[in-house]
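Student: Could you take me through the largest pocket in this model? I would like a close look at what lines that pocket.

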Amino acid sequence: MTEQTPSDFRSSAIRAIRIERDAIDALEGRIDDQFTRACEVIMNCKGRVVVTGMGKSGHIGNKIAATLASTGTPSFFVHPGEASHGDMGMITPQDVVIAISNSGNTSEVITILPLIKRMGAPLISMTGNASSTLAREAVANLDVSVMVEACPLGLAPTSSTTATLVMGDALAVALLEARGFSAEDFAFSHPGGSLGRRLLLRVSDIMHTGDQIPVVNEGTSLSGALLEMSRKGLGMTTVVDQEGTLTGIFTDGDLRRTLDRSVDIHNTPINEVMTRNGKTIQADHLAAEALNIMEEMKINALPVTDDGGALIGAINMHDLLRAGVI
């Protein structure tokens, strides 16, 4: 073992990055008719995209399958070794198979080729050898060959796996755009993530309802309204008429402004100091919309009304925070 200096470590890392960057740059010239054909085959697929590969190619294949699945192309990974021992049953004639092999002659992948061809599932290959068995048998071969691996021994898959991964991303993005896949579609595949919560959660899912809503009738004294605010703890109270229609809102901010005017809190009716025609939101709107309104108006709570203006709920910034919308 030779003694390494900090400069040696940095030089090795930079050399690896440059080699892999060159491998990625070379891919631009390979977005050709073969790539277009692969996209068309997948777009016409009635089943799912099944990705397979051995060793490091399998690890990359797993990620490609996951990326496809999360961007609108139903996909999963099948290990070629397990496919020879029962998992071929996971593949149907309606599926498309993407087989990954740098050499194009990996024995575990080649073993299942006749079975794939026999059932009639279209085969797309990703190889570093356009003359290989796998490439010849495919309806489209995506060229992921590299001049040199970043590994100085030329043994560990490095540049080749990076190129394959990037080609897989290019394929997924091309399909995503062709399908018109939206951010909301993405959220349905990621309901546990922050994006999913922002795009899928509705006001109705987190709003306060029934007795939890801070509400007083017009004519209630300001002191009575303050008691309601304290009991419900949302930093505001709504004000309704006899029909239950929202007529105003009174917030902590309104209270500070009212006290500056030396108003008699026991004898002043709430409708004289409340804010009329304030911002509201409906229950079927996205919680993210409520957040946008609050941030834009610099307020911390919103009444929730129905189409007729009747009060049906309330929501505040803390509700959005607890729900992970913020």
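Tutor: Happy to. The largest pocket has a lining of 23 residues, and T251, K298, I299, N300 and A301 are the ones nearest its centre. Please keep in mind that this is a predicted model, in which local features need pLDDT of at least 70 and side-chain atom pairs count only at pLDDT 80 or more, while totals for chains, interfaces and linings use all residues. Residues are numbered from 1 along each chain as its sequence is written, and side-chain values use heavy atoms, with hydrogens and water left out.

A pocket here is found on a 1 Å grid over the protein atoms alone, as an open set of points where a 1.4 Å probe fits, with protein on both sides within 12 Å along at least five of seven lines; lining residues have an atom within 4 Å of a point. The space in the largest pocket comes to about 480 Å³, a volume being the space filled by probe spheres set on the points, which are joined across faces, edges and corners.

Which elements build the wall? At least two residues each come from β8 (246-251), α12 (252-260), β10 (301-305) and α14 (317-322). Of these, α12 gives the largest share, 5 residues. Helices (H or I, at least four residues) and strands (E, at least two) are DSSP runs, numbered from the N terminus. Sorted by class, the lining holds 8 nonpolar, 9 polar and 6 charged residues; Ala, Val, Leu, Ile, Met, Phe, Trp, Tyr, Cys and Pro count as nonpolar, Asp, Glu, Lys and Arg as charged, and the others, Gly among them, as polar.

One of the contributing elements, α14 (317-322), also leads us to H208, through D319: the side chains of H208 and D319 are joined by a polar contact of 2.9 Å. Such a contact is a pair of N or O atoms within 3.5 Å; within protein, one must be able to donate a hydrogen and the other to accept it, and residues adjacent in sequence count only if both atoms are side-chain atoms. H208 sits in the loop between α10 (203-206) and β6 (215-217). Its relative accessible area is 15%, so H208 is buried (under 20%; exposed is over 50%, partly exposed in between, with a 1.4 Å probe and protein chains only). Beyond its neighbours within four places in sequence, H208 is in contact with I213, L234, I312, G313, A314, D319 and R322, where contact means heavy atoms within 4.5 Å.
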